[in-house]
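Subject: A structure for you to explore

Hi there,

Here is the structure I promised to pass on. Please open it beside this email and turn it around as you read.

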Amino acid sequence: MNSERADSYGRVMRVLRHDGPARLHGDEQSLIREAADALLFTEEIDQVADERLAEVITLGEELVECGRWTETAFNRLIDDLAACGPGPAPVAA
């Protein structure tokens with residue numbers, strides 16, 4: 001882990017603290033938190049971290065589609081979430 005990854009993790013946690021309760025259900029917040037944890041605490045992208053990130057991308061696309069999340073906010077979250085990890089990750093649609 002390095003300071004850039006830790007900073008990205010902090011931004012994801014701030015989103016969950018500030019926006020999460022109003023815009024995300026508890027299980028959605030947990031999914032994002034689990035993905036951030038999996039990415040932050042791995043040395044290289046592994047299957048678990050990759051799957052968690054993909055699940056958050058799917059969730060985010062659904063939230064944007066139904067109007068609960070803006071595309072800009074979703075893309076910012078995914079960028080920060082991906083930056084928690086050690087290397088390249090899937091890109092949001």
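Below is what I found, taken helix by helix. Please keep in mind that this is a predicted model.

Let's start with a pair of helices. Helix α1 covers residues 3-18 and helix α3 covers residues 26-40. Their axes come within 11 Å and cross at roughly 175°. An angle over 145° counts as roughly antiparallel, and therefore α1 and α3 are described as roughly antiparallel to each other.

Which residues make this contact? From α1 come Arg5, Ala6, Tyr9, Val12, Met13 and Leu16, and they meet Gln29, Ile32, Arg33, Ala36, Asp37, Leu39 and Leu40 in α3. Sorted by class, the contact has nine nonpolar residues, one polar and three charged.

Gln29 deserves a look of its own. This residue is found in helix α3. Is Gln29 buried or exposed? Its relative accessible area is 15%, and because the cut-off for buried is under 20%, Gln29 counts as buried. Leaving aside residues up to four places away in sequence, Gln29 touches Leu16, Gly20, Pro21 and Leu24.

Next comes helix α4, residues 47-65. With 19 residues at 1.5 Å a residue, α4 should span 27 Å, and its end C-alpha atoms are indeed 27 Å apart, so the two values agree. Its buried residues are Ala49, Leu53, Val56, Ile57, Leu59, Gly60 and Leu63. Seen down the axis of α4, these buried residues fall within an arc of 165°, so they line one face of the helix. A general point helps here: an α-helix has 3.6 residues a turn, so residues three or four places apart point the same way. On the other side of α4, Gln47 and Glu65 are exposed. The cover over the buried residues of α4 includes α3 and α5. Just after α4, look for Gly67, which takes a positive phi of about 90°.

Finally, there is α5, residues 71-83. This helix has 13 residues and reaches 18 Å from its first C-alpha to its last, close to the 18 Å expected at 1.5 Å a residue. The buried residues of α5 are Ala73, Phe74, Leu77, Ile78, Asp80, Leu81 and Ala82. What covers them includes α1, α2 (20-23), α3 and α4.

Enjoy looking around, and write back with any questions.

Best wishes

Conventions
Residues are numbered from 1 along each chain as its sequence is written. This is a predicted model: local features need pLDDT of at least 70, side-chain atom pairs count only at pLDDT 80 or more; totals for chains, interfaces and linings use all residues. Side-chain values use heavy atoms; hydrogens and water are left out. Axes are lines fitted to C-alpha atoms, for helices over the stretch in contact, and angles run from 0 to 180 degrees between N-to-C directions. Helices (H or I, at least four residues) and strands (E, at least two) are DSSP runs, numbered from the N terminus. Angles under 35 degrees count as roughly parallel, over 145 as roughly antiparallel, 65 to 115 as roughly perpendicular and the rest as oblique. Contact means heavy atoms within 4.5 Å. Ala, Val, Leu, Ile, Met, Phe, Trp, Tyr, Cys and Pro count as nonpolar, Asp, Glu, Lys and Arg as charged, and the others, Gly among them, as polar. The expected span of a helix is 1.5 Å times one less than its number of residues. Buried means under 20% relative accessible area, exposed over 50%, partly exposed in between (1.4 Å probe, protein chains only). The arc is that of the directions from the helix axis to the C-beta atoms.
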